[in-house]
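User: Walk me through this one, please. Keep it brisk.

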Amino acid sequence: VQLQASGGGLVQAGDSLRLSCAASGRASIFSTWAVGWFRQAPGKDREFIAAITWRPSRTYYAESDSVRDRFTISEDNAKNTVDLQMNNLDPEDTAVYYCAPKVRGLTPRSYYVVDNYANWGRGTQVTVSS
């Protein structure tokens with residue numbers, strides 16, 4: 001299943017933004033094992049932000065306090081999406097944001113590894129001005 005991120009844009013520092021991740025075509029996003037959100041700033045590696053799984057329902061967040069305190073991952077069954085709510089945005093949050101399905105790894109630690117996700121779609125640009 002390929003997933004597509006949307007909802008990015010240009011915002012000011014302190015603003016909030018909600019990103020959505022949807023499956024392409026008629027596929028259900030919940031047919032995946034788990035979904036993760038990531039971001040990649042210019043000149044930097046892609047980094048893990050958060051992941052959610054539904055068998056059983058559980059969420060995982062990057063160990064950064066900055067992410068844990070401001071970002072929330074959730075599932076929306078009605079919209080068939082996995083959303084990322086981002087509050088109190090900072091210019092350092094400027095990046096391309098991606099979502100992808102998890103395809104390997106069984107341990108809790110495996111959720112944090114970028115290489116355990118695949119079928120990357122186009123990301124959505126988030127730009128935070130100061």
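Analyst: Labels first. Helices (H or I, at least four residues) and strands (E, at least two) are DSSP runs, numbered from the N terminus. Also note that this is a predicted model.

User: Fine. How many helices and strands are in the chain?

Analyst: The chain has 1 helix and 10 strands. Along the sequence they run β-β-β-β-β-β-α-β-β-β-β.

User: And how compact is the chain?

Analyst: As compact as a globular protein of its length, because its radius of gyration is 14 Å and the globule rule gives 14 Å for 130 residues. The C-alpha trace spans about 40 × 30 × 25 Å along its principal axes.

User: What share of the residues is buried?

Analyst: Of the 130 residues, 42% are buried. The chain exposes about 6,700 Å², and carbon and sulfur atoms supply 46% of that area.

User: What about contacts between residues 24 or more positions apart?

Analyst: They account for 58% of the contacts with a separation of 6 or more.

User: On to the sheets. What is the strand order in the one with 4 strands?

Analyst: The order is β1-β3-β8-β7. That sheet is open, and its pairing is antiparallel.

User: Which strands sit at its edges?

Analyst: β1 (3-6) and β7 (71-76), each of which pairs on one side only. Neighbouring strands in this sheet are turned by 20° against each other on average, direction ignored.

User: How many bridges join β7 to β8?

Analyst: There are 6, and the two strands run antiparallel. Strand β8 covers residues 81-86. Phe71 stands opposite Met86 in β8.

User: Now the one with 6 strands. What order there?

Analyst: β2-β10-β9-β4-β5-β6, again written for an open sheet. Here the pairing is mixed.

User: Why is one side of β2 and of β6 left without a neighbour in the sheet?

Analyst: β2 (9-12) and β6 (57-61) stand at the edges and have a single partner strand each, so one side of each lacks a neighbour. The average turn between neighbouring strands of this sheet is 20°, direction ignored.

User: How do β4 and β9 pair, then?

Analyst: In the antiparallel sense, over 6 bridges. Strand β4 covers residues 34-40. Gln40 stands opposite Val96 in β9.

User: Switching topic. How many disulfides does the structure hold?

Analyst: It holds 1 disulfide. The bond joins Cys21 to Cys99, with S to S at 2.2 Å. Cys21 lies in strand β3 (residues 17-23) and Cys99 in strand β9 (residues 95-101). They are 78 residues apart, so the pair links distant parts of the chain.

User: Left-handed or right-handed?

Analyst: Right-handed, because the torsion about the S-S bond of Cys21 and Cys99 is about 85°.

User: Are those cysteines buried or exposed?

Analyst: Cys21 is buried, at 0% relative accessibility. Cys99 is buried as well, with a relative accessible area of 2%. The cut-off for buried is under 20%.

User: Last thing, backbone. Where is Asn80, and what is its phi?

Analyst: Asn80 is in the loop between β7 and β8. Its phi is near 60°, a positive value in a residue other than glycine. Most residues other than glycine have a negative phi.

User: And is Asn80 buried or partly exposed?

Analyst: Partly exposed, because its relative accessible area is 21%.

User: What about Asn88?

Analyst: Asn88 has a positive phi too, near 50°. Its place is in the loop between β8 and β9.

Notes. Residues numbered from 1 in each chain as written. Predicted model: local features only at pLDDT ≥ 70, side-chain atom pairs only at ≥ 80, totals over all residues. Heavy atoms only, no water. Disulfide = S-S within 2.5 Å. Buried < 20%, exposed > 50% of the residue type's maximum accessible area, 1.4 Å probe, protein only. Pairing = 2+ DSSP bridges. Axes fitted to C-alpha atoms, helices over the stretch in contact; angles between N-to-C directions. Rg over C-alpha atoms; globule rule 2.2 N^0.38 Å. Contact = heavy atoms within 4.5 Å. Areas by Shrake-Rupley, 256 points an atom, 1.4 Å probe, with all protein chains shown as cover.
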